[in-house]
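Trainee: I am new to this structure and would be grateful for a close look at one part of its interior. Please begin with a single residue and widen the view from there.

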Amino acid sequence: MTHKAERPRTHKIRNAAVAGTLGIALLAAGGGTFANWYESAEINGGTITAGNLALNTPAGVVWAVNGTTIPTEDLAAFRMVPGDVVTYTATFTPTLVGDNLEATITADSTNVIPAEAVGHVTVSTSLTDAFDATVEALTDAHHNDPISVAVTIDMPFAAGTDTNPTQGAALDLKSLTLDLVQTDHTTP
């Protein structure tokens, strides 16, 4: 009887060992985990293309001193004094491609006005379209349309007995640049 009692127990141990080995083999074959189901679908959204912003070579460049036109080469011989106004005018055809594009053209006088003249010489920019209407901001509606840009360099006259620190200062008009810069159309 002892033999019969040991037999069922041995049979159970052997069956458990075989089942354990099969379970380990199944886990090893499956990577040890079960994968989640997955599916993707195309949304068919189309293609978005970025716009373009460029300031083309100017046409019709004119320099004027106190309203009188002078040739560019004569600027070096001109000696500005308080009360004088020098104006640069040119026509540009900007490239403005973008549904919500807004931009401005401003004069960068960073390298034009020397330190001793800062605060005594002002530089301002104004824009007009082909119909002589003032333009505050350019949009894609101005794409390839002529825009007249006027840059005014003003040394205002100030009455007083103080020595004007601009005496002998050189304004480097060759360093004057115009910047076409996108503005944030989302800001009210």
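Mentor: Let us start with L178 in this predicted model. Leaving aside residues up to four places away in sequence, L178 is in contact with L55, Y88, F92, I105, T106, A107, V149 and V151.

These contacts lead to the wider setting. L178 belongs to the largest nonpolar core, a group of 30 residues. Within this core, L178 is among the residues with the most contacts, together with W63, V86, L138, V149 and I153. V149 therefore appears twice in this account: as a contact of L178 and as another of the residues with the most contacts inside the core. Several strands contribute at least two residues each to this core: strand 2 (59-65), strand 4 (85-92), strand 6 (102-108), strand 9 (147-154) and strand 10 (177-182).

The chain as a whole gives the context. The protein chain has one helix and 10 strands, and along the sequence the helix precedes the strands. Among contacts with a separation of 6 or more, 78% join residues 24 or more positions apart. Of the 188 residues, 22% count as buried. The chain exposes about 13600 Å², of which carbon and sulfur atoms supply 56%.

A final feature is the largest pocket, which holds about 530 Å³ of space. Its lining comprises 21 residues, with L75, A76, F78, L171 and L173 nearest its centre. By type, the lining consists of 12 nonpolar, five polar and four charged residues.

Terms used:
Residues numbered from 1 in each chain as written. Predicted model: local features only at pLDDT ≥ 70, side-chain atom pairs only at ≥ 80, totals over all residues. Heavy atoms only, no water. Helix = DSSP H or I, 4+ residues; strand = E, 2+ residues; numbered from the N terminus. Buried < 20%, exposed > 50% of the residue type's maximum accessible area, 1.4 Å probe, protein only. Contact = heavy atoms within 4.5 Å. Areas by Shrake-Rupley, 256 points an atom, 1.4 Å probe, with all protein chains shown as cover. 1 Å grid on protein atoms, 1.4 Å probe; cavity = no way out; pocket = protein on both sides within 12 Å on 5 of 7 lines; lining within 4 Å. Points joined across faces, edges and corners; volume = space filled by probe spheres on them. Nonpolar A, V, L, I, M, F, W, Y, C, P; charged D, E, K, R; others polar. Core = buried A, V, L, I, M, F, W, Y, C linked by side-chain atoms within 4.5 Å.
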